[in-house]
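Dear colleague,

I am handing over the structure we spoke about, and you will find the sequence and coordinates just below. Please look through them first, and then read on for what was found.

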Amino acid sequence: MNHHTLKATCTTVHLGGFSCNLPPALVINSGDSIEVETYTGFKIYQEAPEAFLTPELVEICQHLPPERIVGPGSHLLTGPIYIREAQPGDVLEIQLEEIYPRLAMGFNAIRTGWGALPQQFSESRLRFIPLDLEQNIAEFPLNSGIKIPLKPFFGILGVATPETQQSSIPPGIYGGNLDNPELQAGSRLFLPIFVPGALFSIGDGHSAQGEGEVNVTAIETSMKGKIKLNLHKNILLTSPLAETPSDIITMGFAETLDLAFESALKQMIDVLQQFFGLEAEEAYVLCSLAANFRITQVVNSPQKGVHGMISKSILGFPLKSLLDHKVVSYL
């Protein structure tokens, strides 16, 4: 088991999506840990204050090679990371050990035609939001006395698919733009693998985000973190699955919230059946009694997201990991 450092540079980041043709930024073994750096703000850096910029970010924004622009999205992703022996049909486990802002400044943007209320808020607006890293808050609006707790997470965690270009905007079965604020430090995410090496990428740091992400962005923040990547062989997984210290999380994505909710619910029923031995009807009732379904985001067109959460404490193993309880036998 080795430890690596992956800085964000012109040769280790890519813009706008995922691609099976990108050369790896790093090659590791299963079980290795990585100190990773991510940047955000590629398309707005010229409007940014000095506190938002670093020489490395400016270099990326001005000199990113064309071959590392692989989709229409605006997200800068660090990677891809190639995991030796990873093959299609395997499962990649991402342990999120540390996540913290790279800089004491983030931004929020309203984009014309995007967001939950595009007709009412139709003009583009860009706001830079200072972060108080000592008190772990952001005050917004400035001098209003309204203090938002910082809860940093990576909005995008995803693997490549066989497509040569996959936009970074919508989430999917490969992960991608999950925008799930539950995936903070101490959480684990499980993703199916579609190409040799998995080709995992990470980015889209958020210092704070409300569930729904209604105006299309959070406090978008350049971020650093420590992750560990584990490979699981001979396991079937058809959609992202996660755990926090307290909950198991299923995720549903679809063009409508109704269909996204239905998908997240069906996956939760499957978890309760396959691992906990419940009958389908019992699992359905338990979801009605004890599971919580939340809107993840409504703005990553064409896929909206809903995630279902069920407390591990009511299932008999509080604050234990899925792997400790062999939920991988379900996966």
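Strand E5 (residues 33-38) is joined to strand E18 by six bridges, and the two strands run antiparallel. Within E18, the residue standing opposite Glu37 is Lys224. Please bear in mind throughout that this is a predicted model.

E18 also pairs with strand E7 (residues 91-101), again in the antiparallel sense, and this pairing extends over ten bridges. Here Leu96 has Ile227 of E18 as its bridge partner. E18 itself spans residues 223-232 and is mostly covered, since eight of its ten residues are buried.

These pairings belong to a wider arrangement, an open sheet of nine strands in the order E1-E5-E18-E7-E16-E19-E20-E22-E21, in which the pairing is mixed. Its edge strands are E1 (3-6) and E21 (292-297), each of which pairs on one side only. On average, and with direction ignored, neighbouring strands of this sheet are turned by 25° against each other.

Helix H2 packs on this sheet, where it touches strands E19 (241-243), E20 (247-254), E21 and E22 (304-311), and the direction of H2 makes about 140° with that of E20.

The other packing partner to look at is a second helix: H2 (residues 257-274) and H3 (residues 280-290) pack at an angle of about 120°, and their axes lie 9 Å apart. The two helices are therefore oblique to each other, and their crossing is right-handed. On the H2 side the contact is made by Leu265, Met268, Ile269, Leu272 and Gln273, while H3 contributes Ala280, Ala283, Tyr284, Leu286 and Cys287. Sorted by class, the residues in this contact of H2 with H3 comprise nine nonpolar and one polar, with no charged residues.

If you open the model in a viewer, I would suggest starting from E18, which is paired with E5 through six bridges and with E7 through ten, and then turning to H2, which packs both on the sheet and with H3.

With best wishes

Technical notes
Residues numbered from 1 in each chain as written. Predicted model: local features only at pLDDT ≥ 70, side-chain atom pairs only at ≥ 80, totals over all residues. Heavy atoms only, no water. Axes fitted to C-alpha atoms, helices over the stretch in contact; angles between N-to-C directions. Helix = DSSP H or I, 4+ residues; strand = E, 2+ residues; numbered from the N terminus. Parallel < 35°, antiparallel > 145°, perpendicular 65-115°, else oblique. Left-handed = near helix turned anticlockwise from the far one by under 90°. Contact = heavy atoms within 4.5 Å. Nonpolar A, V, L, I, M, F, W, Y, C, P; charged D, E, K, R; others polar. Buried < 20%, exposed > 50% of the residue type's maximum accessible area, 1.4 Å probe, protein only. Pairing = 2+ DSSP bridges.
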